[in-house]
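This report describes a two-chain model, taking each chain in turn and then the contact between them.

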Amino acid sequence: MAIDTLKCVGCGDCVVACQTENEVPIGFCRDWVVEVTDGTYPQLEIEIRSERCNHCENSPCVRCCPTGASHYAEGGIVLVTQNKCIGCGACIASCPYDARYSHPKGYVDKCTFCIHRVKKGLDPACVAVCPTRCMYFGDLDDPKSPVSMVLKNRKYKTLIPEAGTKPHLYFLI
Amino acid sequence: MREEIIVSGRMNPFIDPHLNIWHWQIPTYLFLGGLAAGILFFAALFYLQGKEEKYRTAVRVAPLIVPILLVLGLFALLLDLKHKLYFWQLYTTIRLESPMSWGAWTLMVVTPLSFIWAAIHLRDVFPKWDWKYQWLKDLEAFFIRYKRPMAWVIVIFSVILGVYTGILLSAFNARPLWNTSILGPLFLVSGFSTGAAAIILFSKNPEERKTFAKIDLLLIAVELFLIIHLFMGFLASTQVQIDAANLFLGGPYTAPFWILVVTMGLAVPALLEVLELLKYRIPVYIPAILVIFGGLMLRFIIVYAGQVSRWMY
């Protein structure tokens, strides 16, 4: 997934769409908006990012899971099998992005890239509702997918690449 | 001056404003596991050296509490799980990449062995003990016959258990304070040191106490050396690890760490043990209790401070 930080206005629609689509319990979120203000007045710069699980290629959460509940689904999306999760919290501690949380029902929950929608050929809920269309989703292995196309033409960054997790959430800058 | 203000919309419980997912259960378990590993290691080691009679407390008496320690530790671990009824999923797979999986299987080996070791020494410690049923007596005779190989397995697995309590934390690259391989040996040595202290507490034989006071002194010296290396490593590393070290060098964990762990848990008992070896009269239980207390505090402080340390972006 790629997110255009120049188009994002920080409205929070992605957050609400996710909470509704995935029945995220009240008080929790799988995606969130971060605003970074840099500099001193009047030389201010602002960056707005809609963040979520980075679906890393070298995921510390998958590595440290003692039961194999955290796993890579076909295509590279990182998922949690609820009835294999024991709620030990190791994956939560292992995520440098703090993208996971403990669901009140006991298991660990996180962004799934709305895999149930993706399988039907739809975009994830957050991408589908974005009023500024600042998010691009698709298969990175397919050069014709919207995400591959936009990454070819724009400058981008990933978050803390030095953590070595090979994140797959790209921020266009 | 440049300023950076970060505003995040995320406020997940146990995650924000900083990670807070592991509470008292984890450090308590890490402490009990290290203590159990220490007692078992010395018991099996001195048995293998043929010093069972000389160090009777270490080989026969102190291991009696190990099953209790391990069961309490396992209970603390179970309390920590948030999806408790699924705990058996740990034993449906072996995941070599996950330290927690290693630990679960190590405990699966060590816990039964600790029960057996305690059981075969019960009659010696309590002369009136009677196993009542013939099959229990046969079972006891069977295990006594294989005591030597069992002691070897205990020596190896108690080291794995001791190291694993540190590796569990050091495998998390997301928490810079934990992400150092020194944590494995540090927790191993600290666990063995608390084990030696527990043996001193139980022992009534002055010679045995003296031997374990010397062992403990050596372990404390190694521990202090490892702590110095820990900070040297952090301060020579990346910004996130420098920040992690600063939690203890002026940050919020400075006083608890240097007073409770380094001074009360290491320096003072080391000094008292030296004075004792120089024939000053010091009640033996004071340094022993301080060492055990220091071991517990070390784990609490590392577990809590580690959750505060993080990558910033």
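The text below covers the overall form of the chains, one bent helix, and the strands that meet across the contact.

**The two chains**

The model is predicted. The table sets out the chain-level values.

| Property | Chain A | Chain B |
|---|---|---|
| Helices and strands | six helices, 10 strands | 12 helices, one strand |
| Radius of gyration | 16 Å | 21 Å |
| C-alpha extent along the principal axes | about 50 × 40 × 35 Å | roughly 80 × 55 × 25 Å |
| Buried residues | 43% of 173 residues | 45% of 313 residues |
| Share of contacts (separation 6 or more) joining residues 24 or more apart | 50% | 74% |

A compact globule of 173 residues would have a radius of gyration near 16 Å, so the 16 Å of chain A agrees with that form. For 313 residues the expected value is near 20 Å, and therefore the 21 Å of chain B agrees as well.

Chain A holds six helices and 10 strands. Chain B is built from 12 helices and one strand. Along the sequence of chain B the strand comes at the start, and the helices follow it.

**Helix 11 of chain B**

Helix 11 of chain B covers residues 254–277 and bends by about 45 degrees at B:Thr263. Its buried residues are B:Phe257, B:Val261, B:Gly265, B:Leu266, B:Pro269, B:Ala270, B:Leu272 and B:Glu273. An α-helix has 3.6 residues a turn, so residues three or four places apart point the same way. Helix 9 (206–235) and helix 12 (285–308) of chain B are among the elements that cover these buried residues. After helix 11 of chain B comes B:Lys279, which has a positive phi, near 80 degrees.

**Strands 2 and 3 of chain A**

Strand 2 of chain A runs antiparallel to strand 3 of chain A (residues 43–51), and nine bridges join the two. The connection between strand 2 and strand 3 of chain A is a hairpin through two residues. Within this pair, A:Asp38 of strand 2 faces A:Glu45 of strand 3. In a regular strand the side chains alternate between the two faces of the sheet.

**The contact between the chains**

How many residues does each chain give to the contact? Chain A gives 43 residues and chain B gives 41 residues. On the side of chain B that touches chain A, the elements that give two or more residues are strand 1 (4–8) and helix 4 (99–120) of chain B. Of these, strand 1 of chain B gives the most, with five residues. By class, this side of chain B has 22 nonpolar, 10 polar and nine charged residues.

Which strand of chain A pairs with strand 1 of chain B? The partner is strand 2 of chain A (residues 32–40), and the pairing is antiparallel, over five bridges. One of the bridge pairs is A:Val36 with B:Ile6 in strand 1 of chain B.

Strand 2 of chain A thus has two antiparallel partners to note: strand 3 of chain A, joined by nine bridges, and strand 1 of chain B, joined by five.

Conventions: Residues are numbered from 1 along each chain as its sequence is written. Chains are lettered from A and ligands numbered from 1 in the order in which they are written. This is a predicted model: local features need pLDDT of at least 70, side-chain atom pairs count only at pLDDT 80 or more; totals for chains, interfaces and linings use all residues. Two residues are in contact if their C-beta atoms, placed from the backbone, lie within 7 Å. Helices (H or I, at least four residues) and strands (E, at least two) are DSSP runs, numbered from the N terminus. Ala, Val, Leu, Ile, Met, Phe, Trp, Tyr, Cys and Pro count as nonpolar, Asp, Glu, Lys and Arg as charged, and the others, Gly among them, as polar. Two strands pair if DSSP finds at least two bridges between them. The radius of gyration is taken over C-alpha atoms; the globule rule is 2.2 Å times the number of residues to the power 0.38. A residue is buried if 20 or more other C-beta atoms lie within 10 Å of its own, exposed if 12 or fewer, and partly exposed in between; C-beta atoms are placed from the backbone. The bend at a residue is the angle between axes fitted to the seven residues ending there and the seven starting there.
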